[in-house]
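Subject: Handover of a structure and its findings

Dear colleague,

Please find the structure below, followed by an account of what was found in it. I would be grateful if you read the text with the structure open beside it.

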Amino acid sequence: QVQVVESGGGLVEAGGSLRLSCAASGSIFSINAMGWYRQAPGKQRELVAGITSGGSTNYGDFVKGRFTIFRDNAKNTVYLQMNRLKPEDTAVYYCVADAVVAGSSARNYWGQGTQVTVSS
């Protein structure tokens, strides 16, 4: 019903930047919040950033002004601009969309994840 596809991951040196993109498609009636989580090996998945349809944002404490989340509601797309990357940012980054499909209540739809690797 809803497909969520991430792109933009890769290998970058410490101090560098990456921009992740995530597009939701399918039988979408509306999307409430969208966001990014990450999971490093041996660690729990954690919130990186979230954004509501109205543009309100929240970030994980570790972001500390380095990342910016923004979205294009018309395209059902969310972006994560990551600057001043650190080796500890290495993880698989997952996109999630809190979407409503016709005839159903809102639920979270997850992407497959995109690998971000930051070398020291």
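A disulfide is a pair of cysteine sulfur atoms within 2.5 Å. The structure holds one such link, and its partners are C22 and C95, with an S to S distance of 2.0 Å. Please note that this is a predicted model, in which local features need pLDDT of at least 70 and side-chain atom pairs count only at pLDDT 80 or more, while totals for chains, interfaces and linings use all residues. Residues are numbered from 1 along each chain as its sequence is written, and side-chain values use heavy atoms, with hydrogens and water left out.

The disulfide

Strands are named here as DSSP runs (E, at least two residues), numbered from the N terminus. The disulfide links distant parts of the chain: C22 lies in strand β3 (residues 18-26) and C95 in strand β9 (residues 91-101), 73 residues apart. The torsion about the S-S bond of C22 and C95 is about -80°, so this disulfide is left-handed.

Are these two cysteines buried or exposed? Buried means under 20% relative accessible area, exposed over 50%, and partly exposed in between (1.4 Å probe, protein chains only). C22 has a relative accessibility of 1% and therefore counts as buried; C95 is buried as well, at 0%.

The sheet

Strands of a sheet pair through backbone hydrogen bonds, either parallel or antiparallel. In this account, two strands pair if DSSP finds at least two bridges between them. An open sheet of four strands follows the order β1-β3-β8-β7, with antiparallel pairing. Its edges are β1 (2-7) and β7 (67-72); each has a single partner strand, so one side of each is left without a neighbour in the sheet. On average, neighbouring strands of this sheet are turned by 15° against each other, direction ignored (axes are lines fitted to C-alpha atoms, and angles run from 0 to 180 degrees between N-to-C directions).

The pairings can be followed across the sheet. Six bridges join β1 to β3, and V2 has G26 of β3 as its bridge partner. Six bridges also connect β3 with β8, where A23 is partnered by T77. β7 and β8 pair over six bridges too, with D72 opposite T77. These two strands, β7 and β8, form a hairpin with four residues between them, and N76 in the turn has a positive phi of about 50°.

How many residues of β8 are buried? Six of its six residues are: T77, Y79 and Q81 on one side, and V78, L80 and M82 on the other.

The core

A nonpolar core is a set of buried Ala, Val, Leu, Ile, Met, Phe, Trp, Tyr and Cys residues joined through side-chain atoms within 4.5 Å. The largest one has 31 residues, and those with the most contacts inside it are M34, W36, L80, M82 and Y93. β9 gives the most to this core, with six residues.

A buried aspartate

D89 is found in the loop between β8 (77-82) and β9, and it is buried, with a relative accessible area of 1%. Contact means heavy atoms within 4.5 Å. Leaving aside neighbours within four places in sequence, D89 is in contact with R38, R66, F67, R84, V116 and V118.

Yours sincerely
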